[in-house]
Amino acid sequence: MIGDALAICLLNARNFSAHDFARYHPGGTLGKQLYLTAGELLLSHTAPQVGPEQGVSPVIQQITGSRTGATAVVKHGKVLGIITDGDIRRMLEKTNDLREFTASDIMNRSPKSLDASALAMEALQVMKQYQINQLIITENDNYKGILHLQEILREGLS
């Protein structure tokens, strides 16, 4: 207890802040909260995407292959929408004839997104606010990838 008290007094005397601690210990939870960006969490991912005119089969292949549970609908690097596995299930409840649908028919036209430079904690807050598991990540308004909630939780952020 005395050691803890002395450490606190020394931290206060030297004006040692949470940012200082994070800078010297970037791998810890506090460091990750203050420095880890959404874009850095994409490094292990491909960027699942389909064109707006593509059919349901390529959409399902992208969702399954990426393991993010979603794919972006992209044209010329710009995100037009997102299709989640839930969107596919809801479509299947309405019809069994998949041949008539394209990605643009199924997609959510207003996906939530963040710039790659945004902090991972900000991405987590957006996901919690909108109760979503995937977030589109862009860089200079160009599609970069999809961040899944599990990637953030895997880093120990919550």
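**Two hairpins, two small sheets**

Okay, let's start at a turn: asparagine 140 has a positive phi of about 55°, and it sits in the hairpin that S5 and S6 make with 2 residues between them. When I say strand or helix, I mean DSSP runs, numbered from the N terminus: E of at least two residues for strands, H or I of at least four for helices.

Quick housekeeping. This is a predicted model, so local features need pLDDT of at least 70 and side-chain atom pairs count only at pLDDT 80 or more, while totals for chains, interfaces and linings use all residues. Residues are numbered from 1 along each chain as its sequence is written, and side-chain values use heavy atoms, with hydrogens and water left out.

Now the overview. The chain has 8 helices and 6 strands. Reading from the N terminus, the elements go α-α-α-β-α-β-β-α-α-β-α-β-β-α. Of its 158 residues, 39% are buried, and buried here is under 20% relative accessible area, with exposed over 50% and partly exposed in between, using a 1.4 Å probe on protein chains only. Contacts are heavy atoms within 4.5 Å. Taking contacts with a separation of 6 or more, 54% join residues 24 or more positions apart.

Back to that hairpin. Strand S5 covers residues 134-139, and its pairing with S6 is antiparallel, over 6 bridges; pairing takes at least two DSSP bridges between the strands. Isoleucine 137 faces glycine 145 of S6. As for S6 itself, residues 142-148, 5 of the 7 are buried, so to speak mostly covered.

Which strand order does this sheet have? It's S4-S5-S6, an open sheet of 3 strands with mixed pairing. S4 (113-115) and S6 are the edge strands with a single partner strand each, so each has one side without a neighbour in the sheet. On average, neighbouring strands here are turned by 35° against each other, direction ignored. The parallel part of the pairing is S4 with S5, over 3 bridges, and there serine 113 has isoleucine 136 in S5 as its bridge partner.

Then look at helix H7, residues 120-130. H7 lies across S4, S5 and S6 and runs at about 140° to S5; axes are lines fitted to C-alpha atoms, for helices over the stretch in contact, with angles from 0 to 180 degrees between N-to-C directions. Its buried residues are Ala120, Met121, Ala123, Leu124, Val126 and Met127. Right after H7 comes glutamine 131, with a positive phi near 50°. And the ring of tyrosine 130 has the charged end of lysine 112 over it, 4.4 Å from the ring centre. The cut-off for that is NZ of Lys or CZ of Arg within 6 Å of the ring centre and within 35 degrees of the ring normal.

On to the other sheet. This one is also open, with 3 strands in the order S1-S2-S3 and mixed pairing. S1 (49-50) and S3 stand at its edges; each has a single partner strand, so one side of each lacks a neighbour in the sheet. S1 and S2 run parallel, joined by 2 bridges, and glutamine 49 has alanine 72 in S2 as bridge partner. Helix H4 packs on the sheet, touching S1, S2 and S3, and its direction makes about 125° with that of S2.

There's a hairpin here too: S2 and S3, with 2 residues between them, and histidine 76 in the turn with a positive phi of about 55°. S2 (residues 70-75) pairs with S3 in the antiparallel sense over 6 bridges, with threonine 71 opposite isoleucine 83 of S3.

Is threonine 84 buried or exposed? Threonine 84, in strand S3, is buried, because its relative accessible area is 16%. Beyond neighbours within four places in sequence, its contacts are Ile63, Gly69, Ala70, Arg90 and Gln134.

Helix H5 (residues 85-94) has Gly86, Asp87, Ile88 and Met91 buried. These pack against helix H4 (56-66), strand S3 (78-84) and helix H6 (103-106).

One last residue: glutamate 151, in helix H8 (residues 149-154). Glutamate 151 is buried at 14% relative accessible area, and its side chain makes a polar contact with that of arginine 154, 2.6 Å. Polar contact means N or O atoms within 3.5 Å, one able to donate a hydrogen and the other to accept it within protein, and residues adjacent in sequence count only if both atoms are side-chain atoms.

That's the tour, thanks.
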